[in-house]
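Subject: A structure for you to look at

Hi,

Here is the structure I promised to hand over. Please open it and keep it beside you while you read.

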Amino acid sequence: MAHLTLYMDETGSRHPDKVSGLPKGRDWFALGGILVENEKKQTIQQMRDDMAAKWNITAPFHMTDMINERKKFSWLGRLSQTDRDLFWSQYRAYLASLPVLGVGCVIDRGGYVARGYLKKHPDKWLLCRSAFDILVERSVKYAVSVGRKLEIIFESDPGINRIIEGYYENLKENGLAFDQKNSDKYKPLSAADFKENLTHIENRPKSNRILQVADSYVYCVARSGYDKKYEVYRRLRDAKRIINFTLANDEDILAMGIKYYCFDR
């Protein structure tokens with residue numbers, strides 16, 4: 001059977017009791033990225049290289065550094081406004097032209113604490129546990145809906161790699177840990193479903209070209225929870241590169257679409 005790969009990255013702080021450093025009103029943690037048909041990986045890699053060559057970029061694309069014009073992207077701050085606008089116009093067009101689907105689970109950190117989850121899960125649950133389970137379950141459902149199995153590639157972080165792999169193994173052995181009554185409307189998968197349809201997980205370095213695409217997508221998905229007018233997200237939405245805008249109906253969106261968790265809306 002053909003495979004679909006979830007290229008997964010994160011944005012924001014996974015620790016609900018620590019300052020995130022994000023601007024006021026955007027206090028998120030998100031896991032997400034892109035779903036990629038395996039036969040399209042080479043095309044995506046080449047498109048990434050073409051975009052980098054156009055602007056003589058040698059560093060990995062990193063959305064927050066690009067937006068803040070810092071580190072390897074400080075050169076953006078030295079461009080004229082005309083050239084800066086040209087860069088972002090081309091970068092938006094590049095992201096929207098890629099044969100991928102943006103996915104994610106975005107958690108409002110303030111809402112998470114306000115609902116008492118921090119007290120309920122003080123030891124074993126970081127924000128990334130909830131986000132991982134939700135993201136992977138929805139990605140598996142989508143993969144099955146298009147006749148594929150799912151594998152996962154995530155950005156390596158030595159301090160968290162084993163934790164993420166443990167979440168993966170737990171899903172296959174024990175399934176989801178969410179309250180059954182609250183979860184019924186989402187048509188949750190069983191441990192057997194995960195075991196049958198999840199095939200592989202591994203970490204790759206930040207230099208991985210497709211993970212660099214995932215970095216930009218998860219940022220856009222997270223920011224859209226607070227800023228629907230964010231122009232990069234709107235470009236992806238209009239190009240139907242966000243999963244919600246490719247699903248057939250509200251029921252499918254509820255079960256497989258992007259999850260905004262602990263938001264007051």
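Below is what I found in it, from the whole chain down to single residues.

First, some background. This is a predicted model, in which local features need pLDDT of at least 70 and side-chain atom pairs count only at pLDDT 80 or more, while totals for chains, interfaces and linings use all residues. Residues are numbered from 1 along each chain as its sequence is written, and side-chain values use heavy atoms, with hydrogens and water left out.

**The whole chain**

The chain has twelve helices and six strands. Both are DSSP runs numbered from the N terminus: helices are H or I with at least four residues, and strands are E with at least two. The C-alpha trace spans about 55 × 45 × 40 Å along its principal axes. For 265 residues, a compact globule would have a radius of gyration near 18 Å, and the chain agrees with its 18 Å. That radius is taken over C-alpha atoms, and the globule rule is 2.2 Å times the number of residues to the power 0.38.

Buried residues make up 50% of the 265. Here buried means under 20% relative accessible area, exposed means over 50%, and partly exposed is in between (1.4 Å probe, protein chains only). The accessible surface comes to about 12600 Å², and 48% of this belongs to carbon and sulfur atoms; the areas come from the Shrake-Rupley method with a 1.4 Å probe, and for residues only the protein chains shown count as cover.

Now take contacts (heavy atoms within 4.5 Å). Among those between residues at least 6 apart in sequence, 77% join residues at least 24 apart.

**Two helices to find**

Start with α3, residues 81-97. Its 17 residues should span 24 Å at 1.5 Å a residue, and its end C-alpha atoms are indeed 24 Å apart. The expected span is 1.5 Å times one less than the number of residues. The buried residues of α3 are R84, F87, W88, Y91, R92, Y94, L95 and A96. An α-helix has 3.6 residues a turn, so residues three or four places apart point the same way. What covers the buried residues of α3 includes α1 (41-54), α2 (63-68), α10 (209-224) and α11 (231-238).

Next, how many of the residues of α6 are buried? The count is 17 of 19, so α6 (residues 127-145) is mostly covered. Its expected span is 27 Å, and the 28 Å between its end C-alpha atoms agrees. Just after α6 comes G147, with a positive phi of about 75°.

**Loops and single residues**

Most residues other than glycine have a negative phi. N56 is not a glycine, yet its phi is positive, about 55°. N56 sits in the loop between α1 and α2 and counts as exposed because its relative accessibility is 66%. K240 also has a positive phi, near 60°, and lies in the loop between α11 and α12 (250-256).

A239 is found in the loop between α11 and α12 too. Is A239 buried, partly exposed or exposed? At 30% relative accessibility, A239 counts as partly exposed. The C-alpha atoms of A239 and T58 are separated by 27 Å, with their places 181 residues apart along the chain.

Last, K120 lies in helix α5 (residues 117-120) and is exposed, with a relative accessible area of 57%.

Happy exploring!
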